[in-house]
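Q: Please pick one spot in this model and take a close look at what surrounds it. Then work outward from there, keeping it relaxed but precise.

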Amino acid sequence: MTHTSVVNRPRLSFWQIWNMSFGFMGIQFGLGLQNANTSRIFSTLGANADEIPILWIAAPITGMLVQPVIGYLSDRTWHTTWGRRRPFFFLGSVLASLALILMPNSSELWMAGTVLWLMDASINISMEPFRAFVGDLLPSEQRTAGFAMQSFFIGVGAVIASALPAILSAFGVSNTADVGKIPDAVRWSYYIGAAVFFVCVLYTVLTSREYPPEDLEAFRREHARVRLSDVFREAYSGLFQMPKVMKQLAAVQFFTWFGLFCMWIFMTNAVTQHLYGTTDTQSKLYNEGADFVGIAMAMYNGVAALFALFLPYMASKLGRKVTHLLCLSAGGLGLISIYFIEDPNLVLLSMTGVGIAWTSILSIPYAMLAGSLPAIGWGSLWESSIFSLYYHRWSPV
């Protein structure tokens with residue numbers, strides 16, 4: 001079997017990079033629906049505000065557990081037809097699409113909580129190998145283009161998915177339902193999301209090819225037995241021996257993601273109760289507010305995609321530390337402002353600040369770490385550690 005040296009990867013065309021990145025739009029579609037609508041579904045099924053956070057815990061826990069396992073396994077996989085990463089793309093897309101169909105059909109709170117575990121684990125199965133795809137297939141001089149293409153599809157998927165229930169409502173699909181039932185606009189958004197997730201990932205699977213290991217027989221002998229105990233030993237053994245820069249960023253990441261999770265978990269309740277004045281999940285007013293939350297989520301993702309064009313220039317002038325400080329401050333002020341405003345439309349201005357922060361969160365910490373981490377080991381630790389539970393999901397670099 002012929003193969004290409006790792007250091008001499010051929011340059012890929014624009015459309016080849018497009019093909020290998022297209023699946024990210026489907027993955028982000030699933031994540032966008034989850035972030036904008038999970039609390040709404042839990043509330044509709046009878047969850048109190050203080051019960052919602054514990055139900056959400058599936059998201060970070062599955063990221064911590066599934067991510068290093070899938071990364072370890074995909075590094076040690078090779079199939080003559082499917083390649084290394086694509087088997088995981090496909091398996092994850094099938095399971096995630098099934099979970100997206102099941103979620104809005106949950107009849108009990110425990111069922112929705114269980115499906116969230118399945119959904120998040122499945123999304124991780126597809127998404128984690130996508131992180132390595134750029135490094136696998138592109139020569140070093142094209143990797144920036146590869147990450148930029150992924151970022152484009154991440155932005156498109158997040159904006160459309162977040163706003164989809166409101167879009168369907170605008171076209172006449174009902175956004176209210178009987179007690180304990182999920183509105184049709186939400187249900188059909190998830191059905192569309194399931195189809196988009198599967199089709200986008202399948203497109204990448206069918207249109208992209210991977211390079212075999214340099215010495216295929218040696219690779220197979222070395223990885224003939226894969227032991228999951230090795231996964232956690234390799235990923236977490238250095239947790240208390242982090243490089244200095246990583247320790248400094250740990251606290252920043254912890255509090256950054258603390259704020260983001262508060263937004264994702266409580267945004268629906270905050271907007272519907274504080275700005276729309278209702279907690280009745282069957283009322284038209286509540287569901288208009290919940291639809292508006294999706295628009296707000298789309299807003300910060302859209303701002304992030306646009307601000308990403310300006311961020312490199314800003315960092316070159318002010319430095320990465322100052323840039324990250326200013327961007328996080330904009331996000332913090334945006335979240336704080338929601339408490340004080342009375343006009344729902346002003347939430348979009350608040351989300352502009354969050355979007356600016358989001359852009360920096362998805363790039364600056366990685367850039368700061370890139371020159372200080374050893375080539376092997378610390379990447380897995382960074383992605384799976386407690387202060388970076390969700391970091392891997394949207395990072396374009």
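A: Let's take T44. Setting aside its neighbours within four places in sequence, T44 is in contact with G180, K181, I182, T281 and Q282. This is a predicted model, so read every value here as computed from predicted coordinates. Take K181 from that list: T44 and K181 are 137 residues apart in sequence, yet their C-alpha atoms are 6.9 Å apart in space. T44 itself sits in helix α1. Its relative accessible area is 6%, and since anything under 20% counts as buried, T44 is buried.

Let's stay on that helix and step to R40. R40 forms a salt bridge with D291, where the closest N and O atoms are 2.8 Å apart. R40 belongs to helix α1 and D291 to helix α11 (residues 284-307), so this pair ties together parts of the chain that are 251 residues apart in sequence. Both partners, R40 and D291, are buried.

The structure has four salt bridges, and two others are worth setting beside that one. R187 and D184 meet through their side chains at 2.6 Å, N to O. These two are three residues apart in helix α7, so about one helical turn separates them. R187 is among the buried residues of α7, whereas D184 has 30% relative accessibility and therefore counts as partly exposed. The other is in helix α11: K284 pairs with E288, with the closest N and O atoms 3.9 Å apart. K284 and E288 are four residues apart in that helix, again about one turn. K284 has a relative accessible area of 55%, and because the cut-off for exposed is over 50%, it counts as exposed. E288, at 33%, is partly exposed.

Back to α1, this time for its aromatic side. The model holds 21 aromatic pairs. For F22 and F153, the ring centres are 5.3 Å apart and the planes sit at 80°, so the pair is edge-to-face. This pair also links distant parts of the chain: F22 is in helix α1 (residues 14-44), F153 is in helix α6 (residues 143-170), and 131 residues separate them. F22 and F153 are both buried. They also belong to a wider group, as ring pairs join F14, W15, W18, F22, F152, F153 and Y203 into a cluster.

What about the nonpolar packing? The largest nonpolar core has 78 residues, and those with the most contacts inside it are I27, F42, M103, W264, M267, M351 and W358. Helix α1 gives this core its largest share, twelve residues. There is also a second, separate core of six residues, including L311, M314, A315 and C327.

Helix α4 is another good place to look, as α1 is among the elements that cover its buried residues, together with α3 (58-75), α5 (109-137) and α7 (184-207). With 17 residues, α4 (residues 86-102) should span 24 Å at 1.5 Å a residue, and the distance between its end C-alpha atoms is indeed 24 Å. The buried residues of α4 are R86, F88, F89, G92, S93, A96, S97, A99 and L100. Those residues cover an arc of only 160° around the axis, which means they lie on the same side of α4.

Helix α7, one of the covering elements, is worth a check too. It has 24 residues and reaches 34 Å from first to last C-alpha, close to the 34 Å expected at 1.5 Å a residue. Besides R187, its buried residues include A185, V186, S189, Y190, G193, A194 and F197, and further along C200, V201, T204 and V205.

Now zoom out to the whole chain. Its secondary structure comes to 17 helices and zero strands. Of its 397 residues, 54% are buried. Among contacts between residues at least 6 apart in sequence, 83% join residues at least 24 apart. T44 and K181, 137 residues apart in sequence, give you a local example of two residues from distant stretches of the chain meeting in space.

Key:
Residues numbered from 1 in each chain as written. Predicted model: local features only at pLDDT ≥ 70, side-chain atom pairs only at ≥ 80, totals over all residues. Heavy atoms only, no water. Phe/Tyr/Trp six-rings, centres within 6.5 Å; stacked < 30°, edge-to-face > 60°. Buried < 20%, exposed > 50% of the residue type's maximum accessible area, 1.4 Å probe, protein only. Expected span 1.5 Å × (residues − 1). Arc of directions from axis to C-beta. Contact = heavy atoms within 4.5 Å. Core = buried A, V, L, I, M, F, W, Y, C linked by side-chain atoms within 4.5 Å.
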